[in-house]
Amino acid sequence: VQVVILPSAAEAEQHVATLFAEQLRRKPDSVLGLATGGTPVGVYRALVAAHRLGEADFGRARTFNLDEYAGVPSAHPQSYAAYMRTHLFDLVNLTPDRTHLPEGDAANAEDACRLYDALYRYYGPADLQLLGIGLNGHIGFNEPGFASAPGGTHVVRLDESTRRANARFFGADEQVPEYALTMSAGRILQARSIVLLATGAAKAAIVARALEGPIGTDCPASLLQLHPDATVVLDREAAGALA
Ligand code: F6R
């Protein structure tokens, strides 16, 4: 794993956005693997700015997101589909037929997972996959101790800690969904290149565990150590516990 440490979160976000813009220039029909959550917001902001400057053309690209909450329709403001429209899709030249997320409120979640996985196998793997890291080391919504998922995309029960961490995005009277649809760790690791971004002191301990600890499913992000082209981009705070 290549580790890049930058002084501030803004610089780390800009760096990751530049990697994506370069990927699009190198291969305009790239398949981009995308993530949601708090961490990538600044990456998307920088990518939108690059797009407006003519430095990031999504016209031939295709995107696949890691995950979506189960039971949440894409029109719901807390859906990851809505997040992606707000932060990226509606702000660059990406048409809806080229953006993919698991269908959160499908009548049959297992069928939705199979369909998503079939699409990913057809168009993928991602040329460049963006990841965040959960406070418990999850990637996508593959929580610690996950069982391998031969189907690729599958339904998972979210850890209490994950639901607590994500409660900040929901209203006081709303519940964080208990289940999600996520790409498996195995699928994620099929991406040709992976860039994981972590910022802020709260992530320092788990970043050190993922990069310097033993490789195993009790810290899903540690599996990146097995990937031939993984880069971890950190601000100084998130790098604070590295040896
Ligand atoms: C999001 C995802 C999650 C987040 C992780 C960190 O699509 O798959 O693994 O990357 O929960 O979230 P933030 O960035 O909000 O700390």
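## A walk from one strand pair to the ligand

Start by selecting Arg157 and Tyr179: arginine 157 stands opposite tyrosine 179, which sits in S8. You're looking at a predicted model here, so colour it by confidence if your viewer lets you. The mean pLDDT of the chain is 97, and 100% of its residues reach 70 or more. For the complex, the predictor gives an ipTM of 0.99 and a pTM of 0.98.

Next, widen the selection to residues 153-157, strand S7, and residues 179-183, strand S8. How many bridges join S7 and S8? They pair over 5 bridges, in the antiparallel sense.

Now add residues 67-69, which make up strand S4. With that you have an open sheet of 3 strands, ordered S4-S8-S7 and paired antiparallel. S4 and S7 are the edge strands, each pairing on one side only. Tilt the view a little: neighbouring strands of this sheet are turned by 20 degrees against each other on average, ignoring direction. As for what holds such an arrangement together, strands of a sheet pair through backbone hydrogen bonds.

Then pick residues 109-123. That's helix H4, lying across S7 and S8. Line up H4 with S7 and you'll find the helix running at about 135 degrees to that strand.

Last stop: the ligand. Which residues are closest to the ligand? Select Thr36, Gly37, Gly38, Thr39 and Gly132. In total, 14 residues surround the ligand. Colour that shell by class and you get 8 polar, 5 nonpolar and 1 charged residues.

Note on methods:
Residues are numbered from 1 along each chain as its sequence is written. This is a predicted model: local features need pLDDT of at least 70, side-chain atom pairs count only at pLDDT 80 or more; totals for chains, interfaces and linings use all residues. A residue is near a molecule or strand if its C-beta atom, placed from the backbone, lies within 6 Å of it. Ala, Val, Leu, Ile, Met, Phe, Trp, Tyr, Cys and Pro count as nonpolar, Asp, Glu, Lys and Arg as charged, and the others, Gly among them, as polar. Two strands pair if DSSP finds at least two bridges between them. Helices (H or I, at least four residues) and strands (E, at least two) are DSSP runs, numbered from the N terminus. Axes are lines fitted to C-alpha atoms, for helices over the stretch in contact, and angles run from 0 to 180 degrees between N-to-C directions. Two residues are in contact if their C-beta atoms, placed from the backbone, lie within 7 Å. pLDDT is the predictor's confidence in each residue, from 0 to 100.
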